[in-house]
Every structure is written in structure tokens, then in C-alpha cells.
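Subject: Structure for you to look over

Dear colleague,

I am passing on the structure we spoke about, and my notes on it follow below. Please read them with the sequence and the model open beside you.

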Amino acid sequence: MHIVRFVSPLTGTDAVGVDDGEQVAELSGVTTVAELLRLPAAELRERLEAADGPRHPSAAMRRLAPVDGRMEVWAAGVTYRRSREARVLESERAADVYELVYDAERPELFFKSVAWKVAGDGGRIAVRADSEIDVPEPELGLVLNAAGEIVGYTVVDDVSSRTIEGVNPLYLPQAKIYLGACAVGPAVRPAWEVADPYALDITLTIARGGETVWDGKSSTSELHRRLDELAGYLFRADVFPDGAVLATGTSLVPDLPFTLQDGDTVTIGVGEVGTLTTTVVRGLDAMRQE
């Protein structure tokens, strides 16, 4: 089962439904993922299992990013050894900052995107025109309801400028938050259907001109933090009335000086959760056209 956000072929408007792999059953009276995330986990499960709206062939649906309303996307950093190593290598003056945060009690958490800026499966991501080295960051995303419960999982691409981030840690927001820097999708896998979220394969493939120029594979078993710990810190002093998505950090970072280029195709897979594919454009003007 997957929770999907899509364009209804009946009305031409956004809809939310349950995909069983063959058909999507619309959720009657529900038009946003945000509405579902206002529910407690047990009630959400009952609502999904009782989906009784119009049904459509899964393959024919135009999927939208499963992020809407007042939902926010946040991210965690330096939660895998590979991420720590990459941050240390790219940093010009503050490598010790990343060494320290890896083993610190408090995790690194940062705001990533509002809902309306998030790209979905088949959409466009962007690299900044004022950056030389830019990479995708494939991550398992926690889907959290308003109460902070982990009710699902999704795939997140935390697109990042290694050039800007490496100059100074205080430039992190500019390296991480801009139009085209976040993709989520293609759907939400309910948490109760994933037996062990610490045993999920993560894959990244970057294609250029029809040829693979980089690929890699890792696993959430390498995660240095507990998922409930990350969620707990996010909700410790803040509220999310429409829920949130929390990306849990990356374990796949292309070696320097690899960089994304205009026209590249980025494919991220998380076992039992889904596969997210996007295409790269360069600069704000190109992203505005999207």
C-alpha cells in the first residue's frame, strides 16, 4: 500500500488515494495529504484501509509530490559516516564542526522546503548558477503526523551545493534552500508495512546523455542515529499542524569534483518505499520556467 497524491482523472484536480500496485482508490472527502497527517496514527491506518472512493489504474495516474498544505520538509545532516567524511573533505575552514556533530547528543536538523516548492517524481530539480559543485543527496524521509508519530516513509533528494557549503558552515541555508533544491516522492509507504526501517537499501544513479556517470548503493543499517530520536528533536520545541517530512541524512555522496549538470537524470531508490526520478536544470531562470 502507498499513499499517493495525484491528479484525479474525474475532476482534473488534486486528489489523495491508496495505491495497491494495480489500482488507486481515492479517499472520499480527503483532498490533501496534510488532512491525513492531522490524524493519530491508529485513525490514519483505519482511514486508509477503508478507502472506498473511485478507482483508477495505477499506471495511468499523474503523480504529485506527497507534500502539500502547511506541511514542511526538514532534514538531518551528518547522520552517516560517509556524510561526515564528505563534509570534512569539502570544508575549507571548519572541518572539525562536522566531526563534532556526528557524535554529539543533539543531531543537526535544518529546514529544507515549504510544500509548494517541492518537486515530485518526474519533476525538475535545480543546481545553483553561482555554484561549481552540486550533488543530489538520496535520503529516507520520515513522514510525521501532527503528533510527531512516524506514520510513513518516502524518498527525499536533498540537493546541495558543495561549493557554498564548503566555504563556511553558516552558508548552509544558501547551499540547501532554494527553488529546485528538494524533491520528495513518489508516494508514502505506511510505517506499519515496513518491518525494519534500518534494513532498507538506498541506491543512487545519475545518467547523462543516456549513460550512467555515477551510481552507488548503501543501506539504512549504516545510520548513526535512531529515527525516533531525529523525529523527537524536530518536535521538541516546534509544532507542525499538517505534519512534516524529515529527511534522515545521506550515505551516498559522489567524490569530488563530480557535479550535476543541466539535463542529468537522477534516480533514487529506497527499498520497500519507492523510486524517485527527476531531471536537473541549471539556474533560477530555468527553474522558473518549470
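UniProt positions are given here in the numbering used for this chain, feature names are shortened, and such annotations may be inferred rather than shown by experiment. With that in mind, the unreviewed UniProt entry carries the annotation "domain: Fumarylacetoacetase-like C-terminal" for residues 105-281. Please also keep in mind that the model is predicted.

Over residues 105-281 the chain is 42% strand and 11% helix, and the C-alpha atoms at the two ends of this stretch are 38 Å apart.

As for the strands, five of them make up an open sheet with mixed pairing, in the order β8-β18-β17-β14-β15. The edges are taken by β8 (124-127) and β15 (211-219), each of which has a single partner strand, so that one side of each is left without a neighbour in the sheet. On average, and with direction ignored, neighbouring strands of this sheet are turned by 25° against each other. At the β8 edge, the partner is β18 (residues 274-282), which runs parallel to β8 and is joined to it by four bridges; within this pair, Ala126 stands opposite Val281 of β18.

I also looked at the largest pocket, which holds about 290 Å³ of space. It is lined by 17 residues, of which Trp116, Lys117, Val118, Ala119 and Met287 are the closest to its centre. Sorted by class, the lining of this pocket consists of nine nonpolar, five charged and three polar residues.

With best regards

Technical notes: Residues are numbered from 1 along each chain as its sequence is written. This is a predicted model: local features need pLDDT of at least 70, side-chain atom pairs count only at pLDDT 80 or more; totals for chains, interfaces and linings use all residues. Side-chain values use heavy atoms; hydrogens and water are left out. Two strands pair if DSSP finds at least two bridges between them. Axes are lines fitted to C-alpha atoms, for helices over the stretch in contact, and angles run from 0 to 180 degrees between N-to-C directions. On a 1 Å grid over the protein atoms alone, a cavity is a set of points where a 1.4 Å probe fits but cannot get out, and a pocket is an open set with protein on both sides within 12 Å along at least five of seven lines; lining residues have an atom within 4 Å of a point. Grid points are joined across faces, edges and corners, and a volume is the space filled by probe spheres set on the points. Ala, Val, Leu, Ile, Met, Phe, Trp, Tyr, Cys and Pro count as nonpolar, Asp, Glu, Lys and Arg as charged, and the others, Gly among them, as polar.
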